[in-house]
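Work through the exercises below with the structure open. Each task is followed by a solution in steps.

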Amino acid sequence: MGNKTTKIIDIDGKEHEVQCIACSIQNGDIRLPVERITETENFVVEQDLEWPIEGLLVIVSKKHVYSIEELSDQEVNEFSQLLKKVRKLLKEVLGISHITLVQEENIITSHFHLWLFPWHSWMLKRWNGKLHEIKDIMKYAKQEFSDKESLEKIRQSAIKLRQEI
């Protein structure tokens with residue numbers, strides 16, 4: 001990863017230079033609009049409020065690994081059990097019937113992560129539930145649901161998930 005730093009602005013408007021965004025979030029060095037759902041020894045699960053979609057969760061490795069192939073068998077098992085548990089909660093607690101899993105390996109993000117993208121009825125009125133539409137839906141949600149009331153509703157859903165896990 002080297003010594004390259006990234007500039008990031010936290011939820012208080014303060015600019016930070018960090019070497020690793022994920023480590024800075026997990027260590028509490030910067031505050032971003034996330035709601036922690038749960039964590040295990042090697043992973044955290046968060047609702048990222050930057051993309052205001054109820055149930056849009058991300059499972060992030062606590063370690064600097066880019067790919068699932070770099071995880072030990074024990075870590076893959078832990079991850080799989082966590083993914084299954086979180087998926088089941090999305091259905092039971094929030095009524096989310098369908099999701100798309102998105103995992104991207106790139107050199108910008110130094111922590112393996114997997115997004116659980118929920119398909120809501122409001123999305124299917126405008127889109128067809130296809131992978132290539134997710135980016136447009138995320139942009140739309142950021143424009144339409146970043147108001148205080150919408151964010152609070154999403155935060156409350158995340159708190160429900162945290163209480164049930």
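**Exercise 1.** Decide whether Trp122 is buried, partly exposed or exposed.

*Solution.* The model is a predicted one. Start with the cut-offs: buried means under 20% relative accessible area, and exposed means over 50%. Trp122 has 27% relative accessibility, so Trp122 counts as partly exposed. Now try Phe145. Its relative accessibility is 22%, so Phe145 is partly exposed. Last comes Trp127. At 12% relative accessibility, Trp127 counts as buried.

**Exercise 2.** Classify the ring pair of Trp122 and Phe145, and place both residues along the chain.

*Solution.* Two values are needed. A pair of aromatic rings is described by the distance of the centres and the angle of the planes. By the rule for such pairs, the count comes to seven aromatic pairs. For Trp122 and Phe145, the ring centres are 5.0 Å apart and the planes stand at 70 degrees. Planes over 60 degrees apart count as edge-to-face. The pair is therefore edge-to-face. Next, locate the partners. Trp122 is in helix α3, residues 121-124. Phe145 is in the loop between α4 (134-144) and α5. The two are 23 residues apart, and their pair links distant parts of the chain.

**Exercise 3.** Do the same for Trp127 and Tyr140, then find the cluster that holds both.

*Solution.* The centres of these two rings are 5.4 Å apart, with 75 degrees between the planes. This aromatic pair is edge-to-face. Trp127 lies in the loop between α3 and α4, while Tyr140 is in helix α4. They are 13 residues apart. Now assemble the cluster: ring pairs link Trp122, Trp127, Tyr140 and Phe145. One further ring has a charge for company: the charged end of Lys142 sits over the ring of Trp51, 4.5 Å from its centre.

**Exercise 4.** Which face of helix α2 is buried, and what covers it?

*Solution.* First, take the helix itself. α2 covers residues 73-94, which is 22 residues. From first C-alpha to last it reaches 31 Å, close to the 32 Å expected at 1.5 Å a residue. Second, list the buried residues: Glu75, Glu78, Phe79, Leu82, Leu83, Val86, Arg87, Leu89, Leu90 and Leu94. Third, look down the axis of α2. The buried residues fall within an arc of 165 degrees, so they line one face of the helix. Asp73, Lys84 and Glu92 are exposed on the other side. Fourth, find the cover. It includes the strands β3 (34-39), β4 (43-48), β5 (57-61), β6 (99-103) and β7 (113-118), along with α5 (148-164). Just after α2, Gly95 has a positive phi of about 70 degrees.

**Exercise 5.** Describe the surroundings of Glu35.

*Solution.* Glu35 belongs to strand β3. Its relative accessibility is 11%, so Glu35 counts as buried. Leaving out residues up to four places away in sequence, Glu35 touches Val45, Glu46, Gln47, Arg155, Ala158, Ile159 and Arg162. With Arg162, the side chain of Glu35 makes a polar contact of 2.9 Å. Gln156 is 121 residues away in sequence, yet the C-alpha atoms of Glu35 and Gln156 are 9.5 Å apart.

**Exercise 6.** Is Ser150 buried or exposed, and which side chain does it contact?

*Solution.* Ser150 lies in helix α5. Its relative accessible area is 17%, so Ser150 is buried. The side chains of Ser150 and Asp147 are joined by a polar contact of 2.8 Å. Pro52 is 98 residues from Ser150 along the chain, and their C-alpha atoms are separated by 7.7 Å.

Definitions and conventions. Residues are numbered from 1 along each chain as its sequence is written. This is a predicted model: local features need pLDDT of at least 70, side-chain atom pairs count only at pLDDT 80 or more; totals for chains, interfaces and linings use all residues. Side-chain values use heavy atoms; hydrogens and water are left out. Helices (H or I, at least four residues) and strands (E, at least two) are DSSP runs, numbered from the N terminus. The expected span of a helix is 1.5 Å times one less than its number of residues. Buried means under 20% relative accessible area, exposed over 50%, partly exposed in between (1.4 Å probe, protein chains only). The arc is that of the directions from the helix axis to the C-beta atoms. Contact means heavy atoms within 4.5 Å. A polar contact is a pair of N or O atoms within 3.5 Å; within protein, one must be able to donate a hydrogen and the other to accept it, and residues adjacent in sequence count only if both atoms are side-chain atoms. Rings of Phe, Tyr and Trp (its six-membered ring) pair if their centres lie within 6.5 Å; planes under 30 degrees apart count as stacked, over 60 as edge-to-face and the rest as tilted. A charge sits over a ring if NZ of Lys or CZ of Arg is within 6 Å of the ring centre and within 35 degrees of the ring normal.
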